[in-house]
Amino acid sequence: MGRGRPAQCARYDRRDGQPGLVECARRWWPFVVGSLGVTAVLLGAYLMVPRETGASAAERRTEPRFDARRAGGAAAAVTPQMRALGITGRISAYTTRYTAGEPRVRNIELAARALNGQVASPGSTFSFNRAIGARTKRRGYVPAPTIIGRRLVDDVGGGICQVSTTLFNAVFDAGLDIRDARAHTLWMPEYPQGREAAVAFPDLDFTWRNDTGRPVMVTTEFTGTALTVALWGTRRYEVRSRSSRRYGLTAYGSEADRGHACVPMRGGQGFQIDVWRVLVLGGREIRRQRFHTEYEPQLEVTCA
């Protein structure tokens with residue numbers, strides 16, 4: 001507002017009978033002082049507003065492939081069915097992400113619906129395969145890429161391991177007793193390194209035991225690009241965890257293939273990684289667990 005007028009004053013000249021610079025300055029001096037005062041007030045108010053840090057701004061701009069949603073503040077979401085079981089809040093939740101429109105998304109949604117509302121009674125062992133059942137075309141599952149050895153191949157129910165892996169991480173963060181969980185032979189970027197559970201009906205299963213002394217309910221939410229699995233009940237342990245860096249790197253090779261069943265792959269190094277989970281009760285360490293994973297190198301596959 002005050003920038004244009006003072007600049008225009010500089011163009012006036014006494015020789016053409018118009019006000020000179022000094023006279024112009026006198027005329028506009030109250031306006032300039034007032035403008036400076038308003039500017040000072042606005043600048044002071046701006047500086048007093050809490051600024052967003054660079055880290056938080058970056059987090060808001062980027063969408064991670066996966067993220068943990070810790071327990072707390074979820075009592076309002078407890079349903080009447082949960083209350084009837086004595087459940088008072090959320091223990092943990094975990095979200096993984098995927099690409100919209102892929103065939104595997106159909107399988108993820110079917111498995112997530114089957115998992116939603118499942119209850120593990122105190123002392124019982126929860127089986128993923130028993131909860132989800134067989135993955136067949138008759139039940140709506142479709143062919144999608146799945147890991148077989150060092151290759152991706154199309155198989156009915158492919159991609160369902162995203163559901164078992166998301167559940168694994170919710171169980172991991174809840175401090176529940178993980179009984180049987182095996183990682184994939186290859187690492188996929190949809191999954192946290194060293195924190196995953198491969199499944200194949202009926203032999204390869206992911207199981208965990210409810211050792212909280214209270215019922216635990218599993219709920220799921222999904223969109224076209226993300227899946228969240230939450231556990232509701234009573235937390236027993238505080239959980240602390242850390243992961244090592246990749247080590248034992250191994251080189252990958254390349255391979256050419258042809259046919260409709262061929263799934264192209266970018267290729268990637270094999271590596272090893274360790275994840276530790278520490279269970280704490282009343283400030284005292286109760287148990288320290290090491291999850292060791294060895295990923296094989298991922299072939300670079302071109303399809304003719």
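Ser127 touches Asp205, Phe206 and Thr207 when residues up to four places away in sequence are not counted, and this is a convenient place to enter the structure, which is a predicted model. Ser127 belongs to strand 4, made of residues 125–127. Is Ser127 buried or exposed? Its relative accessible area is 7%, and because buried means under 20%, Ser127 counts as buried.

One of the residues that Ser127 touches, Phe206, leads onward to the largest nonpolar core, which has 47 residues. Phe206 is among the residues with the most contacts inside this core, together with Leu167, Trp208 and Leu231. The elements that give two or more residues to the core are strand 2 (89–97), helix 5 (103–115), helix 6 (128–132), helix 7 (161–174), strand 9 (216–222), strand 10 (226–233) and strand 17 (298–303). Of the core's residues, the largest share comes from helix 7, which supplies eight. A good residue to follow here is Leu167, which, if its neighbours within four places in sequence are left aside, is in contact with Leu115, Phe126, Phe128, Phe206, Trp208, Val218, Val229 and Leu231. Apart from this core lies another one, of seven residues, including Ile87, Met217, Ala230 and Trp232.

Stepping back to the whole chain, the reader can count seven helices and 17 strands in the protein. Of its 304 residues, 41% are buried, while the surface that the protein exposes comes to about 17,200 Å², with carbon and sulfur atoms supplying 53% of that area. Among the contacts with a separation of 6 or more, 72% are made by residues 24 or more positions apart.

A link of another kind comes next. A disulfide is a covalent bond between the sulfur atoms of two cysteines. How many disulfides does a search of the whole structure find? The search finds one, formed by Cys262 and Cys303, whose sulfur atoms are 1.9 Å apart. The link of Cys262 and Cys303 is left-handed, with -75 degrees about the S-S bond. It links distant parts of the chain, for Cys262 is in the loop between strand 13 (254–257) and strand 14 (265–268), whereas Cys303 is in strand 17, and the two are 41 residues apart. Cys262 is buried, with a relative accessible area of 11%, but Cys303, at 34% relative accessibility, counts as partly exposed. A further cysteine, Cys161, is buried, with a relative accessible area of 7%.

The loop between strand 13 and strand 14 also holds His260. Here the relative accessible area is 81%, and because exposed means over 50%, His260 counts as exposed. His260 and Ala304 are 44 residues apart along the chain, yet their C-alpha atoms are separated by 9.3 Å.

Strand 14, at one end of that loop, also has a part in the largest pocket, where about 710 Å³ of space lies. Which elements each supply at least two residues of the lining of this pocket? They are helix 5, strand 5 (143–148) and strand 14, and strand 14 gives the most, with four residues. The lining has 28 residues, of which Leu152, Met188, Pro189, Glu190 and Gln298 lie nearest the centre of the pocket. Helix 5 thus appears in two parts of this account, as it gives two or more residues to the largest nonpolar core and at least two residues to the lining of the largest pocket.

Definitions and conventions. Residues are numbered from 1 along each chain as its sequence is written. This is a predicted model: local features need pLDDT of at least 70, side-chain atom pairs count only at pLDDT 80 or more; totals for chains, interfaces and linings use all residues. Side-chain values use heavy atoms; hydrogens and water are left out. A nonpolar core is a set of buried Ala, Val, Leu, Ile, Met, Phe, Trp, Tyr and Cys residues joined through side-chain atoms within 4.5 Å. Buried means under 20% relative accessible area, exposed over 50%, partly exposed in between (1.4 Å probe, protein chains only). Contact means heavy atoms within 4.5 Å. Accessible areas come from the Shrake-Rupley method with a 1.4 Å probe; for residues, only the protein chains shown count as cover. A disulfide is a pair of cysteine sulfur atoms within 2.5 Å. On a 1 Å grid over the protein atoms alone, a cavity is a set of points where a 1.4 Å probe fits but cannot get out, and a pocket is an open set with protein on both sides within 12 Å along at least five of seven lines; lining residues have an atom within 4 Å of a point. Grid points are joined across faces, edges and corners, and a volume is the space filled by probe spheres set on the points.
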